[in-house]
Every structure is written in structure tokens, then in C-alpha cells.
Amino acid sequence: MDKIAIFDTTLRDGEQAPGFSMNVEEKLEMARQLEKLQVDIIEAGFPIASEGDFEATKRIASEIRSTTVAGLSRAVPGDIDRCWQALEKAARPRIHTFLATSDIHLKHKLGKTRGEALDLAVKAVERARGLCDEVEFSAEDAGRTEMNYLCTVLEAVIDAGARIVNVPDTVGYQTPAEYGILIRTLRERIRNIDGVTISTHCHDDLGLAVANSLAGIENGARQVECAVNGIGERAGNAALEEIVMAIDVRKRYFNATTDIRTKELYRSSQLLSKLTGKAVQVNKAIVGDNAFAHEAGIHQDGMLKAPMTYEIMSPERVGAPRSRIVLGKHSGRHALAAHYRELGYELNREDLERVYSRFLALADKKKRIDDQDLKSIHESANCISAR
Ligand code: KIV
Ligand code: ZN
């Protein structure tokens with residue numbers, strides 16, 4: 001099976017998103033958790049962006065020993081040098097330099113011709129390689145870049161020494177089939193691609209970031225850039241926990257694995273939420289409150305008989321609290337009886353009917369029924385069966 005490298009950009013692209021900024025200590029705490037999670041690369045920051053980002057990248061680079069630490073820089077000499085100053089103490093440093101390649105960005109943002117941008121990209125990679133053995137180049141807005149030009153740029157930066165080429169769908173415009181073809185075409189057409197890692201970096205503007213990243217993997221990408229809880233610019237980045245568990249649950253389909261310790265996924269999500277003060281949406285895949293909760297009667301019945309009926313992974317596998325059978329108006333007699341049993345009541349058939357009708361009447365008024373409600377129902381129903 002092929003190994004997929006997990007490049008975590010929670011502390012760079014994620015932290016860049018409105019409302020998600022973290023101070024140096026908070027970034028360090030998150031970086032320690034990412035090391036425990038065993039991501040392959042931590043993108044610690046964008047050192048030229050601020051003193052705080054420089055300091056955070058430097059502290060993470062000095063402390064984290066078992067994971068590659070990357071810093072981001074534009075394709076500008078001053079940025080690259082500053083990035084290296086922040087990274088030089090790292091056990092495994094990587095300079096990640098980027099330049100936009102789409103005509104839209106070249107014309108409206110950079111005011112450069114394709115030829116000028118090509119030249120800048122090559123010079124940036126050469127400069128970065130003069131400082132650091134491991135250099136990644138990102139063709140920003142690759143998803144909207146003309147294919148021949150994209151191939152030319154990536155071929156040139158590989159000749160200049162880049163060992164990882166990243167293909168960002170910066171604005172989340174691609175569909176999975178298109179993005180898969182893009183990665184496959186690059187793999188087939190770039191003359192010097194052997195031995196070079198192709199990376200995905202997909203944004204979620206159309207809610208397709210994870211699907212696009214997985215399509216990239218299916219077509220030969222071997223590094224995925226993603227962020228815990230899917231945080232990132234605008235609608236966010238591909239969610240790390242979703243990518244990892246898709247590969248883990250469907251490893252035979254992808255014929256691939258990661259080195260992630262999946263039991264640390266929930267803890268990582270919770271820590272990020274605590275540090276940023278942003279709650280995780282309840283129906284978020286893998287780490288949301290409802291990811292392993294069941295209210296509908298048919299589902300509860302299935303879960304009580306065999307969890308595999310309605311769960312494709314166990315909560316333990318991602319370090320989440322155990323599955324919950326939630327009592328509400330959709331619940332059935334089975335789940336209700338099981339819940340009473342947990343409270344110490346063994347209900348006979350008549351008692352179950354009595355409490356069930358009362359339970360339904362209350363559930364119509366109240367969203368969640370708790371243990372105290374169940375005890376009161378039992379008392380008021382004149383049940384024969386006692387505790
Ligand atoms: O979305 C993007 O294009 C980026 C690059 C800097 C990698 O974040
Ligand atoms: Zn991005």
C-alpha cells in the first residue's frame with residue numbers, strides 16, 4: 001500500500017482564517033498535539049507575515065523533533081530568507097514557497113507575464129534550495145491555470161530543486177473528476193516528475209475539498225494538505241480527520257495508508273476548538289457531537305443489535321466518546337427499554353407500553369429526554385416492575 005503524507009496546515013492556512021488566530025503559546029500547544037497525532041509535516045506559519053508568526057514558527061521548529069516543520073514564503077528573496085531564519089533549528093525543515101500561475105492572478109494581482117512569473121518561481125526555488133534541502137513549490141490557483149503553462153512551471157521548479165510540487169485549488173473551483181484528471185495529467189506530462197511528490201491543497205468553497213483531495217490521491221498525489229476541523233481561508237481547507245478516516249476506512253479502495261494515530265483525532269479537534277474558541281458543528285463528520293449519536297428508533301434498534309448496522313467506524317478508533325443512543329420523539333421501545341435497563345429498571349411488556357406512551361407525549365414537547373424525566377415517567381405510570 002502506498003503511504004500518503006499528511007501535511008497539516010492548521011497553523012498556517014487555518015490560522016489565517018477570520019476568527020482563528022492563535023498566539024505563540026497556543027500554536028505551540030497545537031503543534032505538540034499534531035506531533036502526537038503523527039502528521040508528517042506541520043506548516044507552522046508564514047514567518048514574513050508578522051513577528052508573532054515568525055516567533056511561533058521558530059519555537060515550533062526548535063521544539064518539534066519527529067515531524068517535518070515547514071514555513072511558507074512568497075517567491076521573494078526577503079520572504080525566503082526570513083522563512084529560513086525561522087526554520088533553521090528544525091530537525092527536518094522545509095521551505096514552502098509559492099507563486100500564482102493562473103492568468104487571472106498574473107494579470108489582476110501580480111501584474112506579471114507568464115514568462116516573468118516562470119523566472120521568479122525558478123529563482124525562488126533556487127534560493128530556497130541554497131538554504132534548505134527540502135523545498136516545496138506551490139502553483140497558487142493551479143486549479144484555474146492553463147495546463148501547458150502549469151506543466152512548464154512545475155517542470156522548471158523541479159529542475160531548480162523542488163522535491164514536492166503542490167497543486168492548489170486555491171478558490172475551491174474544481175470538481176472531483178476534473179481535479180483527478182489534473183493530477184493525472186501532471187503525472188503523465190511532466191518529464192522530470194519521477195521521485196517528486198505531487199501534493200493536493202483543496203479549498204472548500206463548493207464543499208468539495210475532501211472529495212477533490214481524495215480524487216487527487218486516486219490519481220497519484222502522495223501528499224495531502226489539510227487542516228484539523230477543516231479550518232482555512234473562507235469556507236476552509238480539506239478536513240484532516242475526514243481525509244485520514246476516508247483512507248483508513250476505505251484503505252483497500254484507495255490502496256493507501258497514512259501514519260496518523262487515529263485515536264488522537266478527536267483530541268486534536270477538541271484542542272483546536274478550545275484554543276480558538278470556535279465550536280465544532282454538531283453534525284461534523286468524525287469529530288462532531290452527533291457523529292456517533294442515534295435517535296431514530298430503527299437506527300437505535302440496529303445499533304443495539306450490532307453497531308456495524310449504522311456505524312462504519314467505532315468512536316474508539318478516532319478517540320471520540322462512545323456512541324450515544326439519544327432519547328427523543330423518534331426513539332423506539334427497544335432503545336427506551338435498554339435505557340431503563342441502564343438505570344436499573346427491568347420493564348415487563350405492559351410497563352413498557354405504559355411508559356412508552358407517556359415518553360412519546362413528553363418527547364413531542366421536549367427535544368431531549370433525560371434520566372430524571374425517565375424516572376418521573378416510571379413513577380407516574382404506576383408500573384408493576386420496580387427498580
Ligand atoms: O490556497 C493556496 O493556494 C495556498 C497556497 C499558499 C499553498 O494556501
Ligand atoms: Zn490555501
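1. Contact here means heavy atoms within 4.5 Å, and helices (H or I, at least four residues) and strands (E, at least two) are DSSP runs, numbered from the N terminus. This is a predicted model, where local features need pLDDT of at least 70, side-chain atom pairs count only at pLDDT 80 or more, and totals for chains, interfaces and linings use all residues. Residues are numbered from 1 along each chain as its sequence is written, chains are lettered from A and ligands numbered from 1 in the order in which they are written, and side-chain values use heavy atoms, with hydrogens and water left out.

2. On helix H8 (residues 176-189): its 14 residues should span 20 Å at 1.5 Å a residue (times one less than the residue count), and the end C-alpha atoms are 20 Å apart, so the two agree.

3. The buried residues of H8 (under 20% relative accessible area, 1.4 Å probe, protein chains only) are Tyr179, Gly180, Leu182, Ile183, Thr185 and Leu186. Their cover includes helix H7 (147-159), S7, strand S8 (197-202) and helix H9 (209-218).

4. Now the ligand. Around ligand 1 (a heavy atom within 4 Å) sit Arg12, Asp13, His96, Phe98, Ser138, Glu140, Asn166, Pro168, Thr170, His201 and His203. That shell splits into two nonpolar, six polar and three charged residues.

5. For polar pairs (N or O atoms within 3.5 Å), the side chain of Thr170 has a polar atom 2.6 Å from a ligand 1 oxygen. For Asp13, a polar side-chain atom is 3.0 Å from an oxygen of ligand 1. Ligand 1 exposes 260 Å² when taken alone, and the protein buries 94% of that (Shrake-Rupley, 1.4 Å probe).

How values were computed
A polar contact is a pair of N or O atoms within 3.5 Å; within protein, one must be able to donate a hydrogen and the other to accept it, and residues adjacent in sequence count only if both atoms are side-chain atoms. Ala, Val, Leu, Ile, Met, Phe, Trp, Tyr, Cys and Pro count as nonpolar, Asp, Glu, Lys and Arg as charged, and the others, Gly among them, as polar. Buried means under 20% relative accessible area, exposed over 50%, partly exposed in between (1.4 Å probe, protein chains only).
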